[in-house]
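The following exercises ask the reader to locate residues, judge their burial and describe enclosed spaces. Each task is followed by a worked solution.

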Amino acid sequence: MSIAHPVLRRPAYSKQKLATGCLMIIAIFGLAPGLIHPAVASESTMETAEAQRYRFEIPRTTLSAALQDFARLTSLQFAHFSDVAPDTVIVGPLSGSYTSTQALDLLLRGTGLTFRFVNERTVAIVAIAGNARSSSSHSTLPPPFMKSAPQSAGPSVASAAPESNSKFREQKNVSKKKGLLRRIAGLFALCGPLIVAGPAFCQSATAQSGADQTSVDQTTTGQTGAATGGALQEVVVTAERRSTDIMTAPVSIVAVSGDQLQSSKIVDVNSLGQMAPSLLVVNSGLNSTADIRGVGNSNQGGNETPGVAMVRDGLPNMSEGVGENVPYYDIADVEVLRGPQGTFNEASSTGGAININSADPNFRGANGYVDATAATYTEQKLDGAINLPVSDSLALRLAFNEETRGSFFRDEATILDGPYEAGPIIGESGPAPGVSAGNTPNSKDLAAYDPGNVNDRDMRLGILWKPSDNFQWLTKIEFDDEDSEGIPTQPDTYTFSPLAPGLPCPGGHVTTANGQCEATWAQGYSGSPYELNNWASSMLKADNDEATYNEELRYTLPSDITLRLQGGYQSIFQTSVTGTSDDNLDVGSFSQGITDDKIYSGEFDAISPTTGPFSWIAGTMLSELFWHPVSYSVNVNAPYSATNPEYSGIWTDGEVIRNYAHAVFGQVSWQFEPTLQVVAGVRMTWDGQQSLCTGYSCINGVQNEDITYASGAGGGEFTYIYGHPGPHASDRVPTGKLDFNWTPLAGQLFYAFIARGSKPGESNAGSATIEQPATHYEWVTDYETGWKGKLLANHLNIQLDGYYMQYMDMIHSIFNPEIPTGTGEANIPESILKGIEFTLDANVGHFSVNLNAADDKSILGPLRTAATYKFPSGTNFGQTPQCPPGVPQNNLSVNEGGCSNYTPYEVNLDGEELPYAPQYTLNTTLRYSIPLGDTYLTPRFQYSYRSKAYSDIFQSDNYYLLPGYSLVSAYLDWEVGPWTTSIYGTNLADSVYLEGTGLYGDPRQLGLEVSRSF
């Protein structure tokens, strides 16, 4: 017997009507199989279906996802029944121009399913009579036992013949009565609580064709579930190289669609934590790094491999967050994977990975969208995309984004004292003669200066060539340009106590009457959030330019093995100008920094089909990052004069840092029981970091020596400093995962696994004469178990997982008193992380809710080190080594044999929290769609909470505190056909919060957004 799922329509007006509707459904469901026969079809409907041809481009995916794509293209509606398992049956790929009936024949071939037209626009998907593969007795089998046979393309294919299985027919006859009772009990279990609650959950939808009448589940009509009251749409992720329903992927993951990002104003990675639990993104202005569960990148250097891999369209960014502030536009989805990803997502994924997937070109005709936004702070934003199928085998997609916005920060300074963008033009042979060291700003300069403003321009071109069903070539070319008048960082406003009585406060702080160290500000600067003094906020200019070239080729062999080759090149060029000045003196210093990152990456995969009990994936990859920092600085001395300046300068050509990772990996899946599966993955990675003698720092293989040039103007001199290659840190690290999956019922997945991930060690340059040892790689072992359940006919999805992680040899900056002038890093012994994460998605009537939360606990391993931020000013602390036993401390320079006593500043940090590891995170979105004729009015409410965290391992006071905060946002959407108009307010309570040390998050903003899809 077949049972049609209930369909959500609109709120009920009485419990009596609700109960009556449920009883009618129960009665009808018992007769449903006799109402639809696969051999019967409406001739007129068939003729209509045969008249029009469509260009289909459906990948190998679940039947549910394929029917959604089919419905969007053809405007058909689909009805499927409980003995058809659309979430487990795998179909496709299907590519080419076909009529609706031809395409359905091809799509369902070998699945044991067929179709019939119930009416002109509704198609029923049903099991072929006597077919064992789609029967209720096998509907609970997990993949790959419910996979389809290999597909073959053709203009017209007859339906597959019914399979003969006498044993199955006997089992089916025996279980008929029990099956009917189970269905009736299931319906009462569904309707009973809702009769008490009141909402209309079990109303049926009726499709009429002659004398036939049946209840259908219209979940693939092309409209959102929230608007129609349908079941939750399937979310397909590619975390493990195959397209998989997120509810059947044994991994802790949150997937956010491009529509969700757009509508919730998640414009870049910095606000992504408002949609995913356990995620904290640290914004440093030009760059952003992520920490998941407290693991990621606790250091904010520039040459470190991140602990959370950020992968954009399959290309990894191995730099420490450089270039990750690129806006999100025309995005298909963003996947946040929590925990070590030691098989697929790079070796540098001790904390997890963030996969950003932009929309691909498609063959669904000319389509796309345009979105315009106007908001407070003079924000103007326009983005969109247009998709053009040039032919049956070639499609183009052009996406764009442009945004301008004034700063959220107020510049309180009235006079811009001191040198402005000082410094002569300098090159290989020294300063350019006759060029002034500084320029006094004019009124136009002052009016244009707006630190923290936004001026972004982005463009992406996608080209998809698919000359045959088994081959495709995808190219993406992207250019991004982000400019700002500066990064509005603010000095730390927190006070702290000296470590011991009588010890002085460090530079920039004074001792108050209560013994606290309090920060001092430049004259006229209040220190309040969102208020700047030009010279207190040191970043005066910040530009980021990126170019990305991405190629992916896929070829499917006759054996259904897919070969995938991807390669790409990323160029990230950043420039910044910083300056400091005392408003009382016409003096100051300026510096310009240039970061030139070039990333080369490639991967080759061989992916088996999943039609049998065994499936596998094998691959190899390489990734190379070359990071080259260059900077020059100018110091202007008192008294400043534009005609006769007193200055000195330093030009630094830093050594090129090479981060590399080469790996081979593989994964095997074995379905050894109908409900039990074992998955094992392994990866061997050769990675490392080294400093290279290249560019100006090395000519003809000979290391350059530092050179001092006379300035030739105004007195002073310039010194050229060349980078010196440091030690080479390299590792060979095995990582992987062992996973056990149990699916006792369809839509109910229980999993448990052990996974390991690693992060490369780092070279330590130390001082010019003494090198610090390179750090050892760090690694994380994750013991995790979880449950993913589809409930209430897929109107409620729940994900729940718990984990225990051992974090070994965490890399962190540590002050080394033996080599005080070096920027040394060390490995911290074992730290512990444990927690619970929860995600809920529900759609009931016109109401939908998304809720995710996490409780994460982190415990730092044993460590004792000096708190450098508390070193006293006016001394050589941090510049001289530890005094030997018996030698008294003195304030002499290192050249004079000076030494310091660091013992009073040492702190035992054992048991502290890990940096950037809030214990509690919570995000929720509530939505209610109100039908108004053919339109919908949808109010939305968003709430996000993050508890306090620290930006460093020193937590005895509030100096590194990132306070907890709550964000409340509200939206009102009006949908009229392809048009959507939204009035919104983000951070309505105007909460003040930090996105990083000294950098505040966005304040309240009100806006209007209008978008149109086509």
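**Exercise 1.** Determine whether D313 is buried or exposed in this predicted model, and describe its backbone.

*Solution.* Begin with the accessible area: the relative value for D313 is 15%. A residue counts as buried under 20%, and therefore D313 is buried. Next, place the residue in the chain: D313 sits in the loop between β15 (308–312) and β16 (315–317). Finally, consider the backbone: phi of D313 is near 55°, a positive value in a residue other than glycine.

**Exercise 2.** Carry out the analysis for S278: where is it found, and is it buried or exposed?

*Solution.* S278 belongs to the loop between α9 and β13. Its relative accessible area is 7%; the limit for a buried residue is under 20%, so S278 is buried. Although S278 is not a glycine, its phi is positive, at about 65°.

**Exercise 3.** Describe the surroundings of K265.

*Solution.* First, the position: K265 lies in the loop between α9 (258–263) and β13 (279–283). Second, the burial: K265 counts as buried because its relative accessibility is 18%. Third, the contacts: when neighbours within four places in sequence are set aside, K265 touches S271, T373, Y971, Y984, T986 and E1009. With E1009, the side chain of K265 forms a polar contact of 2.3 Å.

**Exercise 4.** How many cavities of 30 Å³ or more are there, and what lines the largest cavity?

*Solution.* The count comes to 15 cavities of 30 Å³ or more. The largest cavity has a volume of about 170 Å³. It is lined by 17 residues, of which N270, G273, L279, R946 and Y965 are the closest to its centre. Two or more lining residues come from each of β13, β53 (935–946), β56 (965–976) and β58 (994–996). Sorted by class, this lining comprises 9 nonpolar, 6 polar and 2 charged residues.

**Exercise 5.** Describe the second largest cavity in a similar manner.

*Solution.* The second largest cavity holds about 140 Å³ of space. Of its 17 lining residues, E240, P340, Q341, G342 and K737 are the closest to the centre. The elements β17 (331–338) and β42 (748–759) give two or more residues to this lining. By class, the second largest cavity is lined by 7 nonpolar, 6 polar and 4 charged residues.

**Exercise 6.** Which residues have the most contacts inside the largest nonpolar core, and which element gives the largest share of this core?

*Solution.* Start from a general tendency: in soluble globular proteins, nonpolar side chains tend to be buried together. The largest nonpolar core here has 26 residues, and F56, L63, F70, F78, L94, V123 and I125 have the most contacts inside it. Elements giving two or more residues to this core include β1 (53–58), α4 (63–74) and β7 (122–127). The largest share, 6 residues, comes from α4. Apart from this core lies another of 24 residues, among them V295, L860, L863 and L914.

**Exercise 7.** Locate G92 and state how far apart G92 and L108 are in space.

*Solution.* G92 is in the loop between β4 (90–91) and β5. With a relative accessible area of 1%, G92 is buried. The C-alpha atoms of G92 and L108 are 8.5 Å apart, while the two residues are 16 positions apart in sequence.

**Exercise 8.** Summarise the protein chain as a whole.

*Solution.* The protein chain has 10 helices and 60 strands. Of its 1014 residues, 55% count as buried. Among contacts with a separation of 6 or more, 69% join residues 24 or more positions apart.

Technical notes
Residues numbered from 1 in each chain as written. Predicted model: local features only at pLDDT ≥ 70, side-chain atom pairs only at ≥ 80, totals over all residues. Heavy atoms only, no water. Helix = DSSP H or I, 4+ residues; strand = E, 2+ residues; numbered from the N terminus. Buried < 20%, exposed > 50% of the residue type's maximum accessible area, 1.4 Å probe, protein only. Polar contact = N/O pair within 3.5 Å; in protein donor to acceptor, adjacent residues only side chain to side chain. Contact = heavy atoms within 4.5 Å. 1 Å grid on protein atoms, 1.4 Å probe; cavity = no way out; pocket = protein on both sides within 12 Å on 5 of 7 lines; lining within 4 Å. Points joined across faces, edges and corners; volume = space filled by probe spheres on them. Nonpolar A, V, L, I, M, F, W, Y, C, P; charged D, E, K, R; others polar. Core = buried A, V, L, I, M, F, W, Y, C linked by side-chain atoms within 4.5 Å.
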